[in-house]
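Let's take a walk through this structure together, one piece at a time. Keep the 3D view open and turn it as you read.

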Amino acid sequence: MAKRFLIFPAVILACIITIIVLMGRNIFFENSFEGEVSDIPDFTSSMPLYDMSGACDRYAVIKNDAAMNTEQFDETTFAALLIDNTDNKPIVAHNAFRRIYPASTTKLMTAIVVCDAIERNGYSLSDTVTLDHNITLSVEGAVASNLHKGCTITVRNLLFGLMIRSYNDFAVILAEYIGGNEENFVRMMNDKAKDIGATATHFVNPHGLHDDDHYTTAYDMYLIINKAAEYDILQEIDSYDSFSYTYLESDGTEKQDDISPTNMFLAGSYELPSNIHIKEWKTGTTRLAGSVLTMITEIDGKEYTMFIADRDGPSDLYEKFTLMFNLTKDQ
């Protein structure tokens with residue numbers, strides 16, 4: 001018991017000494033840089049230099065609360081974005097960082113992950129995939145091909161059908177082939193989104209059929225479509241305004257599918273001005289996403305990325321794109 005009484009004052013004394021020492025050090029540190037700035041040692045000359053080019057040079061930077069040329073878009077659109085890629089200059093920014101549903105524009109990321117697998121992991125466009133089960137989609141009436149269990153098709157033709165006709169079952173087939181299953185593939189999609197800076201995006205499937213936890217933003221989609229534009233095969237796909245592909249039935253019979261693009265400018269349903277060339281694009285439509293279209297276009301020698309998620313349907317969507325075309329004339 002006596003030892004305990006001796007230890008307790010010793011601990012208190014040690015604490016007091018520590019506090020005094022620390023106070024002295026704090027006083028010393030507080031005054032350590034008094035004097036002229038020239039007296040402070042120059043450490044910067046010995047530090048490494050970093051190349052600060054990259055995202056800020058490559059992409060337009062938009063403030064979170066930016067609102068530019070919104071008057072013609074705010075009443076009927078969930079989000080709209082128009083960026084001059086040549087000068088990295090935003091022209092329209094309406095709800096650029098608002099969470100929206102991407103619908104089938106999701107398939108841009110699906111295609112990116114497939115292209116990465118082809119480039120790095122030993123897959124090939126000429127690989128053939130034989131379906132070992134029928135593809136069941138979560139939404140009745142969702143756009144799908146005629147493929148079924150036992151059919152065989154190449155990865156190349158799957159990509160064409162995915163991007164041009166927006167076949168939802170093709171997204172599942174590619175996801176299962178590349179990822180082993182949809183869950184693993186979706187993880188790859190989300191990892192890729194983070195890699196390219198699309199950090200406000202979250203995918204739960206490879207096709208974009210509605211899920212409350214499946215979302216993006218107009219700005220993230222700007223990053224995603226510009227990433228997709230880097231792949232030669234996707235550039236080739238987007239150059240077609242019609243396409244025919246073949247696959248094999250389970251008995252070996254060859255079948256042909258003639259597909260037209262879901263982009264109504266390319267399909268001829270809406271007139272595209274002669275001075276505008278569509279380079280990359282993807283559409284999407286669900287009840288909650290509305291009508292969605294993102295494109296990279298070339299207009300009078302300059303390149304633009306465009307995105308609109310419209311709540312009033314295709315007619316209003318394409319009318320709004322015409323307004324965007326006109327806004328590029330003043331740049």
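Start with strands β8 and β9, the latter covering residues 302-310: in this predicted model, the two run antiparallel and are joined by 9 bridges. If you'd like one pair to look for, find Thr294, whose bridge partner in β9 is Phe307. The two strands make a hairpin with 2 residues between them. Have a look at Asp300 in that turn, too, as its phi is positive, at about 50°.

Now go to the other partner of β8. Strand β7 (residues 276-286) is antiparallel to β8 as well, and here 10 bridges do the joining. Ile276 of β7 sits opposite Ile299 of β8. Once again you're looking at a hairpin, this one with 3 residues between β7 and β8.

So is β8 enclosed or open to the outside? Of its 10 residues (290-299), 9 are buried, so the rest of the structure largely encloses this strand. The cut-off behind "buried" is a relative accessible area under 20%.

Let's zoom out a bit. These strands belong to an open sheet of 5 strands, in the order β2-β1-β9-β8-β7, with antiparallel pairing. At the edges you'll find β2 (89-94) and β7, each of which pairs on one side only. Direction ignored, neighbouring strands of this sheet are turned by 5° against each other on average.

Over at the β2 end, strand β1 (residues 77-84) pairs with β2 through 5 bridges, again in the antiparallel sense. Ala80 is a handy place to check this, with His94 as its bridge partner in β2.

What lies across these strands? That's helix α10, made of residues 314-327. It lies across β1, β2, β7, β8 and β9, and runs at about 150° to β9.

Next, move to another helix, α5, which spans residues 168-179. Its 12 residues reach 16 Å from the first C-alpha to the last, close to the 16 Å expected at 1.5 Å a residue. Is α5 mostly covered or mostly uncovered? Mostly covered: 10 of the 12 residues are buried. Among them are Phe170, Val172, Ile173, Leu174 and Ile178, along with Asn168 and Asp169.

And what does the covering? Several helices take part, including α3 (107-120), α4 (155-165) and α6 (182-195). Strands join in too, among them β3 (128-130), β4 (152-154) and β5 (243-248). Right after α5 comes Gly180, with a positive phi near 90°.

While you're exploring the inside, pick out two cysteines. Cys115 is buried, with a relative accessible area of 3%, and Cys151 is buried too, at 0%. How many disulfides turn up in the whole structure? The search finds 0.

Finally, a word on how far to trust what you see. The chain has a mean pLDDT of 87, and 82% of its residues reach 70 or more. Residues 1-6 are another story: their pLDDT stays under 50, and the model gives them 0 contacts beyond four places in sequence. Residues 18-55 also have pLDDT below 50, with 2 contacts beyond near neighbours in sequence. Where pLDDT is low, the predicted coordinates shouldn't be read in detail.

Methods:
Residues are numbered from 1 along each chain as its sequence is written. This is a predicted model: local features need pLDDT of at least 70, side-chain atom pairs count only at pLDDT 80 or more; totals for chains, interfaces and linings use all residues. Side-chain values use heavy atoms; hydrogens and water are left out. Buried means under 20% relative accessible area, exposed over 50%, partly exposed in between (1.4 Å probe, protein chains only). Helices (H or I, at least four residues) and strands (E, at least two) are DSSP runs, numbered from the N terminus. Two strands pair if DSSP finds at least two bridges between them. Axes are lines fitted to C-alpha atoms, for helices over the stretch in contact, and angles run from 0 to 180 degrees between N-to-C directions. Contact means heavy atoms within 4.5 Å. A disulfide is a pair of cysteine sulfur atoms within 2.5 Å. The expected span of a helix is 1.5 Å times one less than its number of residues. pLDDT is the predictor's confidence in each residue, from 0 to 100.
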